[in-house]
Structure formats: structure tokens, C-alpha cells
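Please open the structure in your viewer and set a cartoon representation, with side chains available on demand. The tour proceeds by selection, from the whole chain to single residues.

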Amino acid sequence: ATVAPYPAPYGRVGCDSPKALVENSIEAMKSEDETVDFIVVTGDLSAHSLFNTTVLDAIEFVSDELRETFPKTRVFPCLGNNDVPADYYIPTPPTNWYESVWALWKDFIICSSCEWRSGVESTSEASLKETFLLGGYYRVDLTSKMTLLVLNTVYYSASVKSEYRTALFESTAAGQLTWLTEQLAAAEKDARKVLISGHVPPGLNPYDLSGFWVSSATQKYVSITARLYPHVIIGQLFAHMHKDDFKIFFAQENQIEQSSPMLFTSAVSPVYNNNPNFRLMFLNDETQTIADYRQWYLDLAIADEYMATHWLNEYTFSQSFPSPLGQLINSQRIFDLGNQILSKTDDSTWHNYVWHRQAEYLPDTITFSRFRLYCVIQNWNATSLDACRKAHPFIPG
């Protein structure tokens, strides 16, 4: 570890969040809107390079802050690769890891004292416990028309060591995808729409073009979400990259009706060259769609310089990326947005995208090119990526 040559009470870019930043960010969320219906936390409540009980301590600290600040709001977290006993190590019985995390999370997932404006019970303790203790995943009903499926996608990460992939590990991973398919089929039957959240995303890593997941899991997941049930899924919420981004995966090339959109949140942690940030999403229950979102960020250099925080309204999606579709975020919108990055006549989409990507921290246009990012947005396997790369050589800038 290194020490900054200046006071950094709220942390510094390149390091994980100190407690002061976590506390301040959660307070900022409340000050911007105290009436949110629920909070989705897309994983990695713990910092990097922690192990066993220190991971649980970190998860408990963040969970307690959320519970104390939002005592009447349901919180739906998922497990990230840093929320397990060691990085990318998924525990299997007879360990009690899931029981330990369950004890920390169950009260604000169920939250019997919460004011649930939809009038719908989000989940019962029995149904939550059944799948969470099995593999760290679960379902909650947001309204009478919309459901959230929270996945434990660490199971599919290509970074999981081969010695961790026991028979029980593989059967649990496969079982979660079977459960996902069953949940989507049930939603289709009941005319419900579904949001999916997770931490490690499927698809390609824009840094080195490797797959985030093992290829067999990615292929099956894309088949489920983009081929079988794209009409049921209104969106997918992922994280992990510490980048504000979006993707669209096609079961058949450029066939919108056979695709599923993803939105990536950046992070409170500034460890990967990003300013801390969070977003407020707007769902339209009548049309069962993602309508819009608004994002705030903290200029970390200014906060440390003046020993005070001022969270700024970074952007609203519909204003930074206007569309004839209006305030609606769906597959067509994400597909159009990806294409606009390569516009020959209007560079506003590219400029907004590259600055928002790291929450107003210095955009990395030397390592990345817009053509590389474009290809990763719309392609999830090496074959289609190679075709895109031939059509659009990765020229820097």
C-alpha cells in the first residue's frame, strides 16, 4: 500500500473507499431523495484483498449504514466477487457463509416495517431463504406488475480458479440458470416484467477483450435472456467494471426483438480511476419499462482539497442522450446509442459517454478507442467481436 502525500479524508482515486466516503455517499443518497421505493446494490460491499471475517465486517458496516439511513426502505443487494471469503472463491457446504450474509441482509430485504407503496409483499422469508442459502440468489416482487431477480453471477466468472469448481459448485451454478429460466417463464405466464441485477456481468472486458464469464455460461445466459425471454426482461443491472456503461446482447445479429439491454453502474469506490457516484432510476409501472435515470457524483479531488463534500448532479440519461423514443430505456435505445458513438456528423454522444463513463474523472481515450468500446457494447463472444473489429479497426481516440 502507498500513502498519499496529502490529506485524503474521503479517499483517493486508485484506492477503495474509506468509511467516511461510504457514510457520506449514503447520506447524499438520502438528501437527494428520501422517498425512493427501494435500493438496488450491485455487489462488492467489501473492499478488495480482504478475507473471511474481515469481509463480513465490511459487509456488516455498509449494511448497517444503509439500514440506519433508510430504515423504511427495502434494500436488495447482490453478492460480488469481493463479498465472499476470498476473491472469486464461492463457498460450498459445510461452510456457513451464506447463512452469515443472510443474517446481515434479511431484515432490509424483507423489511416488515417498510412502507411499500405498491402494496405488494416483496418476498416471504421462506422463499428468500430457500434460494439465498442455496446459492446467494433470490426474487422480489417490486409491484404487482414487476419483479426483480437478483443473481449471484460470481459462479460464472472466468476468474474463479479451477480447484474451486467442484461438482457441487457446478451443479449450484447450473441450478441458478434453471431457476432463472423458470422465473422468467412464470413472469411471462403472469404478464409480469422482470429486472435482473447482478455483479460480474456477462460479455467482454473492454480492457483486454477477455470474457468476464466462462463461455458456456455466457452462451446459455444470452440464450435465456435474448432468445427465449427478451419480451419479459425490461433491463439488466450490473457493475464490477467501475464504469458507467451499457451493452446490448443479440441472440441473432442486430435483431432487436432477440436482444436484451444492460445498464452498468459505476461505483462509490474510486479504486479504478473513477469518481464516486450513484444513480436514481425511474420505473414506469403502467408501461412496465425503465423510464430514465439521474446520476450524482463527487469530485474527489475537490472534496479532499477543501475537506468537504458536495455531490453534483452529473447527468440525466434522457437529457445527455436524447432520442425520438422519448424517456424510455430499452433495447432499441441502447442499440441506437451505441451506433451514435460512431457518428460522423455529431460527436455529442461520444463526448457525453466518455466523460460519464468514469463519472467526470479523466477519460481514458489513450488506452481505449471508441471503436473498441462500440464493439464490446454490441458483441458478447470472440467470433462476433472479430467481425466488428475487422469492420472498425481499433483506432485510438
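The stops below give, in turn, what to select and what is found there.

**The whole chain**

Begin with everything displayed, bearing in mind that this is a predicted model. The protein has 12 helices and 11 strands. Its C-alpha trace spans about 55 × 55 × 45 Å along the principal axes. The radius of gyration is 20 Å, which agrees with the value near 21 Å that a compact globule of 397 residues would have. Of these 397 residues, 54% count as buried. If contacts with a separation of 6 or more are considered, 68% of them join residues 24 or more positions apart. Switching to a surface representation shows an exposed area of about 17100 Å², of which carbon and sulfur atoms supply 52%.

**The open sheet**

Return to the cartoon and select the strands β3 to β8. In which order do the 6 strands of the open sheet lie? The order is β3-β4-β5-β6-β8-β7, and the pairing is mixed. The edge strands are β3 (138–141) and β7 (245–250), each of which pairs on one side only. On average, neighbouring strands of this sheet are turned by 20° against each other, direction ignored.

Next, restrict the selection to β5 (residues 193–197) and β6 (residues 233–238): these strands run parallel and are joined by 4 bridges. Within this pair, L195 stands opposite G235 of β6. Moving on from β6, one finds 3 bridges to β8, again with the strands running parallel. Here Q236 has M262 of β8 as its bridge partner. On to the edge: β7 and β8 pair in the antiparallel sense, over 6 bridges. F250 and S259 of β8 are bridge partners.

**Strand β8**

Keep β8 (259–264) selected and display its side chains. Is this strand enclosed or open to the surroundings? Since 6 of the 6 residues of β8 are buried, it is largely enclosed by the rest of the structure. In a regular strand, side chains alternate between the two faces of the sheet. In β8, S259, P261 and L263 point one way, whereas S260, M262 and F264 point the other way, and all are buried.

**Helix α5 and the nonpolar core**

Add helix α5 (residues 167–189), which lies across β3, β4 (146–150), β5 and β6 and runs at about 180° to β4. Then select W105, L180, L184 and Y221, the residues with the most contacts inside the largest nonpolar core, which has 112 residues. Helix α3 (residues 97–110) gives the most to this core, with 9 residues. Nonpolar side chains tend to be buried together in soluble globular proteins.

Centre the view on L184 and show its surroundings. Beyond its neighbours within four places in sequence, L184 is in contact with L149, V194, I224, Y229, V232 and I233.

**Two tyrosines in loops**

Select Y156, in the loop between β4 and α5. Y156 is buried, because its relative accessible area of 3% falls below the 20% limit. Apart from residues up to four places away in sequence, Y156 touches A173, Q176, L177, F212, W213, V214 and A217. The C-alpha atoms of Y156 and V214 are separated by 6.0 Å, although the two residues are 58 residues apart along the chain.

Now select Y272, in the loop between β8 and β9 (277–284). Y272 counts as partly exposed, at 39% relative accessibility. Leaving out residues up to four places away in sequence, Y272 touches H48, H242 and K243. Y272 and C15 are 257 residues apart in sequence, yet their C-alpha atoms are 7.7 Å apart in space.

**Two positive phi values**

The last stop concerns the backbone. Most residues other than glycine have a negative phi. Select N52, which is not a glycine but has a positive phi of about 50°. N52 lies in the loop between β1 (38–41) and α2 (53–69), and at 43% relative accessibility it counts as partly exposed.

Finally, select A191, in the loop between α5 and β5. Phi of A191 is positive as well, near 60°. Is A191 buried or exposed? With 57% relative accessibility, A191 counts as exposed.

Key:
Residues numbered from 1 in each chain as written. Predicted model: local features only at pLDDT ≥ 70, side-chain atom pairs only at ≥ 80, totals over all residues. Heavy atoms only, no water. Core = buried A, V, L, I, M, F, W, Y, C linked by side-chain atoms within 4.5 Å. Buried < 20%, exposed > 50% of the residue type's maximum accessible area, 1.4 Å probe, protein only. Contact = heavy atoms within 4.5 Å. Pairing = 2+ DSSP bridges. Axes fitted to C-alpha atoms, helices over the stretch in contact; angles between N-to-C directions. Rg over C-alpha atoms; globule rule 2.2 N^0.38 Å. Areas by Shrake-Rupley, 256 points an atom, 1.4 Å probe, with all protein chains shown as cover.
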